[in-house]
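Me: I am new to this structure and would like a close look at a single part of it, the salt bridges, set against the chain as a whole. Please take your time and connect the pieces as you go.

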Amino acid sequence: MASYNHSDIERKWQQYWDEKSVYKVENDTSRPKFYTLDMFPYPSGAGLHVGHPLGYIASDIYSRYKRHKGYNVLHPMGFDAFGLPAEQYAIETGQHPALTTEKNINRYIDQLKNIGFNYDWDRSIKTCDGDYYKWTQWIFLKFYHSYYDLEHDKARPIDALIEIFEASGNSTASAATNDEVHEFSAADWKNFSSNQQKEILLEYRLAFLAETTVNWCPALGTVLANDEVKDGLSERGGHPVERKVMRQWSLKITAYADRLLNGLDQIDWPEPVKEMQRNWIGKSIGAEVDFNTENDATIKIFTTRIDTIFGSTFMVLAPEHPLLDQFVTAEQHEEVQAYVQQAKNRSERERMSEVKKITGVFTGSYAFNPFNNEKIPIWIADYVLYGYGTGAIMAVPAHDSRDYAFAKHFDLPIRQVVAGGDIDQEAFETKDGTIINSGMLNGLSVQEAINKAIEYVVEHNLGKKQINYRLRDAIFSRQRYWGEPFPIYFDKDSTQPRPLNDHELPLTLPAVDTYLPTETGEPPLGRAENWRHDSGAQYELSTMPGWAGSSWYFFRYMDPNNALEFVSSSAQNYWENVDLYIGGTEHATGHLLYSRFWTKFLYDLGFVTVDEPFKKLVNQGMIQGRSSIVYRIKGQQKFVSYGLRKDYEVTPLHVAINLVQNDELDIEAFKKWRPDFAEAEFVLEDGKYICGHEVEKMSKRWYNVVNPDDIIERYGADTLRLYEMFLGPIEDSKPWNTNGIDGVYKFIHRFWRLFYGEGTELIVKDDPPTDEMLKTLHKTIKKVTDDIEKLSFNTAVSSFMICVNELTAQKCNNRQILEPLCVLLAPFAPHIAEELWHALGHKTTVVHEPYPSFDESYLQEDSFEYPVSVNGKLRTKMKFALDMSKDDIEQQVLAAEAIQKWTLGKPPKKVIIVPKRIVNIVV
């Protein structure tokens, strides 16, 4: 081969790996296992850009490395294929989402194969495939047929709860419920109608139907999860979202709150992600206290700071509080109703985070502080959430910043009850200090006052000690077409759900004439003809959310073609769970939390042997785009070059980066790209139009998307792989700059020349290597191995570059060096490694070769080259054996001609010798 031709080489070995099934994975229990996984992508129509493969390349390197180390490696890839974009496209074009999705998946597969990933494509999955979502439906039915046993802290079959009800009613049932269920006896249970029994059981089921306040997006025609709403707008499309009460399916994730919290201590995840989940779950220990009102009603509040109850100068209810109407006077009714309507259109996340916007309305009514009977006003404000605690608070403005801002804004009293701070300036929010102005609590520390106040509440029947969570049950219904159908139908004469039997799965999506809601507001499935069970009963019209299929997919890869189980016990016992999971932090309170929840549930029922899905999590950073900017002189069809722009009043415009090379704009190509500027003039500097640049998110909007196919065509997949790793630590975000790829491309060519030189024939020899060559090889093996184990791939690439430079300088073409180096580089650059491995005469793939062993002895030094100084100035360097005595070193140094010309034959005043450091002669 005359030169390194990346296109031919990469195409050749990708075909070889496919034909030979090199990456085929068997459940070989005789070998140690390692399971590496990337968060599988949603197959968008745009395909991959160079930012997407960052994590995939890292996991691919680590997977190949573990395979070289003798592990049986599972490193699969599939597609999270249900999603709103395909449905929106279907609404616009009428094309079925399945067709769009399949086309996009095929595009992704082609791109992924071009990069040379070691995926076993026979294990690939699509969440929209009926053979896959059959098991998503099956797991949902297990949730439906289960309840949470609080005594044993685990899920159990609902039949066990029914047996308890039949034997003793619900007084002895220690089970998680949605709301407080009235106590009933065994006799009562037997006398309840079938519908009454079903209604009661729905309160206990882990999958249940209930009236729920949801995030409703009219433009998308569906309910969104809290993590799908940003600043009151849908994350997808930026459409307004409003709060609305609807009958929805939910999963009782709240029953698992403590286990989800405690499990975080058992997994190797980044601390910021753990903290996000802790905050999302939001466990707090406090008291639930009853405040009586002037109209003889009761408002329950939850507080973690009952020590400050004497400082409560007003109460606040959430706008959606169900008892609100009881407290609104006629004079305040109109103002309150207007405020409630306004608050409905703000998401919980927006209301929690927007602290500067202070709004609220007085209800006209008053409550009484149960500790001192003080009369305090009742307000409503949207900074109080009905979903957390009781939806009402006792406001203590002196010691809570949001209450303080509210009190200042509406001129309400502020009373200090914890000594310290300056409440004229800000709230004093310490959890230390001494209680003041608080009757029986005066003089106590904060914690002492909390304990005493809770005791007082319990003794005087004013409330109870309470543990609360910010976590809400997971709303599981979506009013859209492109999702898993619920395996549920409804009795003709009842609103009670009935589950399908296992043998009736999968329930597949029906055809519809259009993907919009019906004219009467039903979800798109309401348009399907005969969307009914064999009994004639109506199927559920909503579909499952996008995160349903992604909450368990990691188990399916273990046994993807099993038609009888979602995963066999033998496969799951072997692979257990994911050893290394790579994906973004944006999934912290969505996919990552739901996956942990589903795994714990499946563990409770004995279907899997692990209660955590991912042992180690790594969050890859983002590769940002480097946008190119041109500068249009305002009011003119004229553009000025970057270095001259300050002399004019200009408007910056983004330009497609494929029209720019080393910041120089191809003016003619630009005119063709923007015909409206075909006659524009350009003010140049040194005969060139130089663009400015910005580092931004890679997006079609900024014309800065870099397609990996273009990079591979020009530089090769191995260069792309190495460059993405070379850009910086995997966890960091960094800008893409195609101009910087040349250095890695040149490295690949230098590596090639170690084997072929400048000619067409292999120049590798069997001559024994020198000590320096062996030292270079083994220090590289050590450094690269350590770096891979730490996932420090950028420094590993640097080590390869240093190694190749040293071997080139050493004129190394020795098989004993180049053969192990080929295996060492293979995880990073598999195509060139495979080509050179076969060029060396091997008949089998480099992929399965044992990893090179490191020999410490080659790094042992028997001599040291000392810098020798005279009066502190370096004059020469001299090498001496490590075991040479100081006297012998001094004698040889003083006798050296290079030193004598500086000492002029004078005896030195002092000779300083620091072993393995320096020699300094003072004259």
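**Salt bridges and their surroundings**

Reply: D787 is buried, because its relative accessible area is 2%, and this is a convenient residue from which to begin reading what is a predicted model. The side chain of D787 meets that of K783 in a salt bridge, with 2.6 Å from N to O. The two residues, D787 and K783, stand four places apart in helix α23 (residues 771-789), so about one helical turn separates them. The partner is placed otherwise with respect to the surface, since K783, at 34% relative accessibility, counts as partly exposed. In general terms, side chains of opposite charge can pair when their charged atoms come close.

The count for the structure comes to 38 salt bridges, and a few more of them can be described in turn. D709 forms a salt bridge with R107, and the closest N and O atoms of this pair are 2.9 Å apart. Here the two partners come from distant parts of the chain, with D709 in helix α20 (residues 708-715) and R107 in helix α4 (residues 97-115), 602 residues apart. R107 counts as partly exposed, because its relative accessibility is 30%.

Another pair is made by D265 and R278, whose closest N and O atoms lie 3.7 Å apart. D265 sits in the loop between α9 (257-263) and α10 (271-281), while R278 belongs to helix α10, and 13 residues separate them in sequence. D265, at 55% relative accessibility, counts as exposed, whereas R278, at 22%, counts as partly exposed. Beside such pairs there is also a network, in which salt bridges that share partners join K33, E576, D579 and K615.

To place these pairs, it helps to turn to the chain that carries them. The protein chain has 923 residues, and buried residues make up 53% of them. There are 28 helices and 34 strands in this chain, and its C-alpha atoms fill a box of roughly 110 × 75 × 75 Å along the principal axes. Its accessible surface comes to about 41,000 Å², with 47% of that belonging to carbon and sulfur atoms. Among contacts between residues at least 6 apart in sequence, 71% join residues at least 24 apart.

The nonpolar side chains offer a second view of the interior. In soluble globular proteins, nonpolar side chains tend to be buried together. In this model the largest nonpolar core holds 182 residues, and F140, F476, W736 and F828 are the ones that touch the most other members. Helix α5 (residues 130-144) supplies the largest share of this core, namely nine residues. For F828, when neighbours within four places in sequence are left aside, the contacts are I61, R721, L722, V784, I788, F793, A796, V797 and F800. Apart from the largest core lies another, of 49 residues, which includes I299, I309, L324 and W379.

W379 appears again in the surroundings of V361. V361 lies in strand β13 (residues 361-368) and counts as buried, because its relative accessibility is 4%. Beyond its neighbours within four places in sequence, V361 is in contact with Q332, E335, V336, Y339, W379 and I380. Between V361 and Q337 the distance is 9.7 Å from C-alpha to C-alpha, with their positions 24 residues apart in sequence.

Aromatic rings add a further kind of pairing, and the structure holds 78 aromatic pairs. In one of them, the rings of W249 and F486 have their centres 5.8 Å apart and their planes at 20°, so the pair is stacked. Since W249 lies in strand β9 (residues 242-251) and F486 in the loop between β17 (474-475) and β18 (488-490), the pair ties together parts that are 237 residues apart in sequence. W249 and F486 are both buried.

Nonpolar side chains also appear on the surface, where I912, V914 and I918 form a patch with about 190 Å² of accessible area together. V914 has its place in strand β33 (residues 910-914), and this residue is partly exposed, because its relative accessible area is 31%.

To return to the starting point, the salt bridge between D787 and K783 joins a buried aspartate, D787, to a partly exposed lysine, K783, within helix α23.

Technical notes: Residues numbered from 1 in each chain as written. Predicted model: local features only at pLDDT ≥ 70, side-chain atom pairs only at ≥ 80, totals over all residues. Heavy atoms only, no water. Patch = residues over 30% accessible without salt bridge, like charges linked within 9 Å, V, L, I, M, F, W, Y side chains within 5 Å. Areas by Shrake-Rupley, 256 points an atom, 1.4 Å probe, with all protein chains shown as cover. Salt bridge = Lys/Arg side-chain N within 4 Å of Asp/Glu carboxyl O. Buried < 20%, exposed > 50% of the residue type's maximum accessible area, 1.4 Å probe, protein only. Core = buried A, V, L, I, M, F, W, Y, C linked by side-chain atoms within 4.5 Å. Contact = heavy atoms within 4.5 Å. Phe/Tyr/Trp six-rings, centres within 6.5 Å; stacked < 30°, edge-to-face > 60°.
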